[in-house]
Amino acid sequence: LQQAELAASAQQKVCAERDVRRMEEQARVLSEDLEQSARVQALTPWELKTIPRIGEYHALTLFYLGQTMVSQNRDREAAACYQYTLQWQLRTHKYDRGQWVSSCLWLAQYYLSEGLFPDTLHCLKAAQLLQPKDPSEETKQQMNRLRAEYDYRLLKLFVEIRELRAKHKGDPVALREALAKSFVEIHEEQGVWVLRFKPHSGGPVQAFRGLPIDDPITEIPLVETLSDATELYHRSRQGYERALQFYDLDGYTEERIHCLFDLADLRALLAQFHTDPDQKVELQLQRVPLLRELLPNLNPLLFANVVRQLLFELGSLHRTVAAMRLEQRRKAGDRQYDGLINGWLREAIENFTKFIANFHEEFDQLNENHMKTKEESKVPFKLIPEYVMPYLMGLVNIAQCHTRLLPADAQAQNRSIDCAMEAYRKALVEGQRAMKEYCSGASASESSGAGGACSHGEVVAEDGTASGLKCDELREQISMCEQMLQLLPTSKRGVPS
């Protein structure tokens, strides 16, 4: 008996060791598969099915992997990991409702950013169905914000389709081609235009089977009238305003910024459906306090990108309003707004000037920190590839606003032309410097360590990602500045001294 027990114990030990080795091998294979999928950035829900299953540990690994990818802004891969985890938890009934809802709302946000409206709505319904009996205030407001953003993005899509239809009027083939890359298509049924959502395989509709949720929407009427657009606008605005009562700058800075930006843009979208120029101007001006609210409360260095975005939006907004009144003045000869037009253009110039100054402040701060640690002399101002085009666009906007000012006399027109030429010169200098630095055909890493470069395509940043700087576009911008510096003096000579 003792010998039999010892033999059985030894056999169990061998089996246990074999099981451990098998689990370790499966974990190694899983790790290699995930690593390979991440490298090619093609981790999708149906591909995940080929990865060896290790039950709960496998799902947990994918969940943590998803969190890591979120922090690296690899949202597509993170969505695949989250969706598989949520699907596995539903199938095994092993989940915490609060955690499940939180992950599902993140998934809804991802699908919304991709323009997949049926998938977004399906995730929102699933989250609402499985939320705890007493959900946290944060969860409730997150759901409010997502529903508001759903309506906002839907209205934005309708505006984009409206613009495409106007651009390709009478050419349905060109319109279809323009919409080909999106997840929607439009068609006419009995005189009514309908927006149809293209089917998307591998989404949450298939993943969350078993939940009592209605079939996903496949098509909706196209919003074409002011009354329909206003209904969508009010629904979205109310959701954002409810969320803003909870999201303060102390604990939810990013969320509050996000809501205020969207609320401001909502008014610009609704203005597209108005035909009355006064209403259009009024809606544009309603955006100003929403955007200005943030500026005094944000550190311009810690939130440099957000501050620059705010300043550029405010500059563009005032320039747009001035352009609308200038067009009205040109068509009807109405000069009652001349003072306001100049005021809006000067406001635009001030915001664009602050926008440019913010780049220099950020560079000076980095320079100062560098000198403290390395004890080296100050290096001259230089734009990284990502900043080149925004910086040039800021200067070009300043120049164009100066040329649109309504002069009181010849001297004022001369001063405006001088200011415009100064902005174009600065843009030309920085553009030529960037062209030499990043688009000479040599690797920038050989000359400055700023990243790869090419003569025609997109410049690669230092971290290996696309920088957004395209050499062809940079050449066009430089050429435009050169042409304006040749044309503007001729306008100046035509003014009596």
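**Exercise 1. Determine which residue of the β1 and β2 hairpin takes a positive phi, and then place the hairpin in its sheet.**

Step 1. The hairpin of β1 and β2 has two residues between the strands, and Gln190 takes a positive phi near 55° there. Strands here are DSSP runs of E with at least two residues, helices are runs of H or I with at least four residues, and both are numbered from the N terminus. This is a predicted model, in which local features need pLDDT of at least 70 and side-chain atom pairs count only at pLDDT 80 or more, whereas totals for chains, interfaces and linings use all residues. Residues are numbered from 1 along each chain as its sequence is written, and side-chain values use heavy atoms, with hydrogens and water left out.

Step 2. Strands β1 and β2 run antiparallel and are joined by six bridges, where pairing requires that DSSP finds at least two bridges between two strands. Within this pairing, Glu188 stands opposite Trp193 in β2.

Step 3. On to the other partner: strand β2 (residues 192-197) pairs with β3 in the antiparallel sense over three bridges, and Leu195 stands opposite Ile220 in β3.

Step 4. Put together, the three strands form an open sheet in the order β1-β2-β3, with antiparallel pairing. Because β1 (184-189) and β3 (219-221) each have a single partner strand, they stand at the edges, and one side of each is left without a neighbour in the sheet. From one strand to the next the twist averages 30°, an angle taken between N-to-C directions on a scale from 0 to 180 degrees, with axes that are lines fitted to C-alpha atoms.

**Exercise 2. Describe the largest pocket by its volume, its central residues and the elements that line it.**

Step 1. The volume of the largest pocket is about 1300 Å³. On a 1 Å grid over the protein atoms alone, a pocket is an open set of points with protein on both sides within 12 Å along at least five of seven lines, a cavity is a set where a 1.4 Å probe fits but cannot get out, and lining residues have an atom within 4 Å of a point. Grid points are joined across faces, edges and corners, and a volume is the space filled by probe spheres set on the points.

Step 2. The lining of the largest pocket has 46 residues, of which Gln109, Arg145, Glu254, His258 and Asp262 are the closest to its centre.

Step 3. The elements that give two or more residues to this lining include α5 (97-113), α7 (137-167) and α11 (253-271).

Step 4. By class, the lining of the largest pocket holds 19 nonpolar, 15 polar and 12 charged residues, where Ala, Val, Leu, Ile, Met, Phe, Trp, Tyr, Cys and Pro count as nonpolar, Asp, Glu, Lys and Arg as charged, and the others, Gly among them, as polar.

**Exercise 3. Describe the second largest pocket in the same order of steps, beginning with its volume.**

Step 1. The second largest pocket has a volume of about 330 Å³.

Step 2. Its lining consists of 13 residues, and Phe363, Leu366, Val379, Lys382 and Ile384 lie nearest its centre.

Step 3. Helix α14 (residues 338-374) supplies the largest share of this lining, six residues, and the lining as a whole divides into nine nonpolar, two polar and two charged residues.

**Exercise 4. State how many cavities of 30 Å³ or more the structure holds, and give the lining of each.**

Step 1. There are two such cavities.

Step 2. The largest cavity has a volume of about 40 Å³, and it is lined by Lys382, Leu383, Val388, Glu430, Arg433, Ala434, Glu437 and Tyr438.

Step 3. Helix α16 (residues 410-438) gives the most to this lining, with five residues, and the classes are four nonpolar, no polar and four charged.

Step 4. The second largest cavity also has a volume of about 40 Å³; Pro118, Leu121, His122, Lys125, Ile213, Asp214, Pro216 and Ile217 line this second cavity, which gives five nonpolar, one polar and two charged residues.
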